[in-house]
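This report covers a protein–DNA model, from salt bridges and helices to the DNA surface. Please keep the sequence and the coordinates open while reading.

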There are 2 protein chains.
Amino acid sequence: MPTVSSEELAAAAGVNSAKLRKDFSYLGSYGTRGVGYDVEYLVYQISRELGLTQDWPVVIVGIGNLGAALANYGGFASRGFRVAALIDADPAMAGKPVAGIPVQHTDELERIIEDNGVSIGVIATPAGAAQQVCDRLVAAGVTSILNFAPTVLTVPDGVDVRKVDLSIELQILAFHEQRKAGEESAAAAADGAAAPAARRTPSTDQGPDGDVPAVMPA
Amino acid sequence: MPTVSSEELAAAAGVNSAKLRKDFSYLGSYGTRGVGYDVEYLVYQISRELGLTQDWPVVIVGIGNLGAALANYGGFASRGFRVAALIDADPAMAGKPVAGIPVQHTDELERIIEDNGVSIGVIATPAGAAQQVCDRLVAAGVTSILNFAPTVLTVPDGVDVRKVDLSIELQILAFHEQRKAGEESAAAAADGAAAPAARRTPSTDQGPDGDVPAVMPA
DNA sequence: CCATCTTTGTGCACGCGTTCACAAAGACAT
DNA sequence: ATGTCTTTGTGAACGCGTGCACAAAGATGG
């Protein structure tokens, strides 16, 4: 039986082994003392807890460049997501296949959601159309929305919205870049008010976390 | 002189006013007691600290659907980013304009980076090409990389990499969705090992934060 | 010029998450 | 069966960030 110890996993993930064990204990995942965790069982447990074992039908609304990119994105299928439909407001797009799936017109939105039992919607429309699309999705029964449009959506209670701003990550890179090149010259460029303020040492991982200011303008 | 108090800003942003004041104090931003913060000066200070006042030339490598979507993304310009060049390995793409910018061939990569003083690169290639592109970018002088390809990149010290996985946000939504519909049935579906574990109350904001498990498989 | 009022800047305490450290548990060898 | 060795699971301590509360500062009015 292939196993892994918390120590090995922690080293691979770059985290503390005690924390990893404590996290696993919350999931009720039982390891075997003196041996470690059964890999297969562990993968199954985590997959189930994260919802990877379920089949999540999603609809993508707005099949522009971004919508098409999302439809073609390979990572979805392996994460338990199934693109149930592509929807666009442009009648000229209707019937045209993107990533092997025919685009359907916005008029079909409510029917598609109901027929497929879709509870997750992805909005990749221009900003102007986003709220309207959002309202229709919610009215049709969608309770989770991933929003790529540069607008803050208003939704009733019980509906989850996550906004993805493609420029935020870039901005974080620029922020660090600025610190790399010319800590002192940048500070001296303005009036003498700038207090450099000690920062945490930058982490070496590639995740969407790390030291970012908590407050920034929308 | 238009001003805002920390209390007003905190209410608008949904954060604690004391924390906001403390954050501002790290930036050396001086408010006026009894009055508040000078809006214009504050905006300038934060913009400068975040690097928004600088002009950041970026190159986008891999002009597929995603690359094109990024090139068309309006949010970049307003955040201080300028798309200096679009680069693709396909010779058929060369010269074809995307978002008003002609696509250039990969052969030109080093020259473009040097000529424009580019320090930030965006990789939107297929996974297979990502590391190779990354190496060339780094060798040419790029020190910050935004990676949309589903690969973990290896870079020398001093180079920042941020990986964007478009399916992660979707996965987080699915995770919450799973909790919404059938806390008990999902737990009972598997063997009796599952310990539900109390969660924090879900936050109502739309940011890329909130309660997510710290450890998940790549 | 003094009193009052508003709002900042910050010391301090609380709470939470992370880490340490160890006892309990099980495997494995003898 | 007994002892040893490895690794888990977790109680306890540490550290850090957040929020409270207040003194200092400056504006404003009399």
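Buried means under 20% relative accessible area, exposed means over 50%, and partly exposed is in between (1.4 Å probe, protein chains only). By that rule B:Glu177 is buried, with a relative accessible area of 7%. B:Lys180 counts as partly exposed, at 36% relative accessibility.

This is a predicted model, in which local features need pLDDT of at least 70, side-chain atom pairs count only at pLDDT 80 or more, and totals for chains, interfaces and linings use all residues. Residues are numbered from 1 along each chain as its sequence is written, chains are lettered from A and ligands numbered from 1 in the order in which they are written, and side-chain values use heavy atoms, leaving out hydrogens and water.

**Chain A overall**

Chain A has 9 helices and 9 strands. Helices (H or I, at least four residues) and strands (E, at least two) are DSSP runs, numbered from the N terminus. Of the 218 residues in chain A, 46% are buried. Chain A exposes about 10,800 Å², and carbon and sulfur atoms supply 56% of this area. Accessible areas come from the Shrake-Rupley method with a 1.4 Å probe; for residues, only the protein chains shown count as cover. A contact means heavy atoms within 4.5 Å. Among the contacts in chain A with a separation of 6 or more, 49% join residues 24 or more positions apart.

**Helix H8 and its salt bridges**

Helix H8 of chain B spans residues 166–180, 15 residues in total. Its first and last C-alpha atoms are 22 Å apart, close to the expected 21 Å. The expected span is 1.5 Å times one less than the number of residues. H8(B) is largely enclosed by the rest of the structure, because 13 of its 15 residues are buried.

A salt bridge is a side-chain nitrogen of Lys or Arg within 4 Å of a carboxyl oxygen of Asp or Glu. The count over all chains is 18. Three of these pairs involve H8 residues:

| Pair | N to O distance |
|---|---|
| B:Glu169 and A:Arg162 | 2.6 Å |
| A:Glu177 and A:Lys180 | 3.3 Å |
| B:Glu177 and B:Lys180 | 3.3 Å |

The pair of B:Glu169 and A:Arg162 has its side chains in a salt bridge. This pair crosses between chains, from helix H8 of chain B to strand S9 (residues 160–163) of chain A. Both residues, B:Glu169 and A:Arg162, are buried.

A:Glu177 and A:Lys180 sit 3 residues apart in helix H8 of chain A, so about one helical turn separates them. A:Glu177 counts as buried at 6% relative accessibility, whereas A:Lys180 counts as partly exposed at 36%. In helix H8 of chain B, B:Glu177 and B:Lys180 are also 3 residues apart, about one helical turn. Elsewhere, A:Glu108, A:Arg111 and A:Asp115 are linked in a network of salt bridges.

**Around DNA strand C**

Which residues are closest to DNA strand C? They are A:Lys22, A:Arg33, B:Ser6, B:Arg21 and B:Tyr37, out of 22 that surround the strand. Sugar and phosphate account for 61% of the strand's atoms that come within 4 Å of the protein. A residue is near the strand if one of its heavy atoms lies within 4 Å of it.

Helix H2 (17–27) of chain A and helix H2 (17–27) of chain B each supply at least two residues of the nearby surface. H2(A) gives the largest share, 4 residues.

Polar contacts are pairs of N or O atoms within 3.5 Å; within protein, one must be able to donate a hydrogen and the other to accept it, and residues adjacent in sequence count only if both atoms are side-chain atoms. A polar side-chain atom of A:Lys22 lies 2.8 Å from a base oxygen of DNA strand C. For B:Lys22, the distance from such an atom to a base oxygen is 3.2 Å. B:Arg33 has a polar side-chain atom 2.9 Å from a sugar or linking oxygen of the strand.
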